[in-house]
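Reader: I am new to this structure and should be grateful for a close look at one part of it. Please choose a single residue, describe its surroundings, and then place it within the chain.

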Amino acid sequence: MKKITTFALLLLTTFTFAQTITDFDYDGMDDDWEEDNGLNTSTRTDAWLDADEDGILNLFEFQLGSDPQDPLSPSIIELASSDDLDQLINQAAVDITVIRIPEGDYDVNIDKNVNTNLKLMLQGGWNSDFTDYNPDFYKTTLNGKKLSEVLQFEVKNNKVNYSIILDGLYVVNGGGEGNLIVSDTKGNYCYLSIYNCKFYGSSKVGVGVVQSSTDSWPLTFVIKSIFANNTKEGLAYKTLDNTRSRLRVYNSIFTQNETYGISLEMLDAESKLFSEITNSVVYHNTNTGFYLKGDVTFDILYSNYDKIENIEGEADVTENASNIIEFGPSFVSASNLDFRLKPNSPCIDGGTFIGFGFVGTRPDIGVYEFDPNIGINDLDSKFEFATFPNPIAMNEPLNVYLNGIPNSKNLTLQLFDLNGKNILSKKIINSNDLNNSFTLEGINSQGVYFLKLKEGEKILKSNKILIY
Ligand SMILES: [Ca+2]
Ligand SMILES: [Ca+2]
Ligand SMILES: [Ca+2]
């Protein structure tokens, strides 16, 4: 991983926001931008890859307006122990500011007025020397100690554009209105993205968003994040003043919150929210999963929730629910905030492909993919190994996704048939080779195969692959 510690923000970006983008593959990245930057306008998978290996996913490079093929763009500030996180965030302004925060506990109570254009990314989940990223392993905790909001962004000035991205953070014990509050009364084009984050133990909401910017068109992503044990809603999203908002929630969990998992509330008749919740668990909240009010288009797909009861202004809600699982998610230990899936969970292989690598016949619902070849005991290991599509046609290229595997001199990928015959071996120079696709050579019959990742003779991971 490249280290960039300069505070100088040398990059002038010519990228400008538009009110809407043309996005054929629906991955959140503009078609022209994808073409100009060597990405694929007809696959969603590339949003979650990191072309220049700078630790910032392509989707977030788009939102920041940086170059996804240049590891020096955007410039990154690595927080040293002597640095003052509050001060760094408050300095963040129109230039791109990526602040990388190593594992540790930080007392944080930030209230930032967004008066000018802002592109800010806070990225936790790194080890102390910033060579390895794994948010579940290297916990970066921003702790509000119930004193006030942990992070609050208030947009009050004229027509500013902003991108706020949180990645790999535990945001806990917020006071005031909640753990993260974004209130926007004057924004223009607004991105809020939450990825690999946890929002626990707020004295009010986990995350609260208020959009009241006339004729703006905000887009909020919530991806692989958990909202649990908050005193009010996990996520509360309110819109007023003729705002048209879009909310996309993917592979996230909302549970054990004391009111609703998610509330989506239009505060006036002119505002409208297009919401889409996919591959997510909204279960075991005190007052059912959802509170919906007003002109809300509510698409819930391949998800696991109990019931939607409190729909006010129900006539305005357009509900589209499909492939819903109504049984409990069967977490390993919800009381210990361990939201991995047990082997009997109905969420296993219950999701739909949205671009992430997965194990099994289909992606799982929730944050953590269950691997039947590994079970739950080894899921604490720091790496992910996924292959897709699966099942796969005989001559179709296979995508292999690796994350967090340390470089080793002795890694191979080996394909075995059901009789244990080794059909193919591919040596891996380093793990980054594998954010790629390759052809399964030498296969001439359909059936079940096992792709094993080995270090020497030791099997690190094994995925079952069905070839048709
Ligand atoms: Ca796109
Ligand atoms: Ca794409
Ligand atoms: Ca990148």
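Author: The model is predicted, and its confidence should be stated before any detail. The chain has a mean pLDDT of 86, with 88% of its residues at 70 or more. Residues 1-18 have a pLDDT below 50, and beyond near neighbours in sequence this stretch has 28 contacts in the model.

The residue chosen for the close look is Cys347. Cys347 lies in a loop, with β28 (338-341) on one side and β29 (384-388) on the other. Is Cys347 buried or exposed? A residue counts as buried when 20 or more other C-beta atoms lie within 10 Å of its own; Cys347 has 28 such atoms within 10 Å, and is therefore buried.

The partners of Cys347 come next. Setting aside neighbours within four places in sequence, Cys347 is in contact with Val281, Asn304, Ile325, Pro329 and Leu341, as well as with Asp364, Ile365 and Gly366. Ser330, 17 residues from Cys347 in sequence, has its C-alpha 8.2 Å from that of Cys347.

Two of these partners lead to a sheet. Val281 belongs to strand β21 (residues 281-283), which is joined to β24 by 2 bridges, the two strands running parallel. Within this pairing, Val282 has Tyr305 of β24 as its bridge partner. Asn304 falls in β24 (304-305), which is an edge strand, as is β3 (104-107), so called because each pairs on one side only. The open sheet consists of 8 strands in parallel pairing, ordered β3-β6-β9-β12-β15-β18-β21-β24.

The wider chain may now be considered. It contains 3 helices and 35 strands, and 46% of its 468 residues are buried. Among contacts with a separation of 6 or more, 64% are between residues 24 or more positions apart.

The largest nonpolar core has 112 residues, of which Leu151, Ile164, Val171, Leu180, Ile194, Val207 and Leu235 touch the most other members. Strand β11 (residues 187-195) makes the greatest contribution to this core, with 6 residues. Because domain 1 (79-341) and domain 2 (383-467) both supply residues to the core, it lies between them. Val171 illustrates the surroundings of one such core residue: beyond four places in sequence, its contacts are Leu142, Val150, Leu151, Asn179, Leu180, Cys197, Lys198 and Phe199. Of these, Leu151 and Leu180 are also listed among the core residues that touch the most other members.

Definitions and conventions: Residues numbered from 1 in each chain as written. Chains lettered and ligands numbered in written order. Predicted model: local features only at pLDDT ≥ 70, side-chain atom pairs only at ≥ 80, totals over all residues. Helix = DSSP H or I, 4+ residues; strand = E, 2+ residues; numbered from the N terminus. Buried ≥ 20, exposed ≤ 12 C-beta atoms within 10 Å, placed from the backbone. Contact = placed C-beta atoms within 7 Å. pLDDT = per-residue confidence, 0-100. Core = buried A, V, L, I, M, F, W, Y, C linked by C-beta atoms within 7 Å. Domains from an automatic or database assignment. Pairing = 2+ DSSP bridges.
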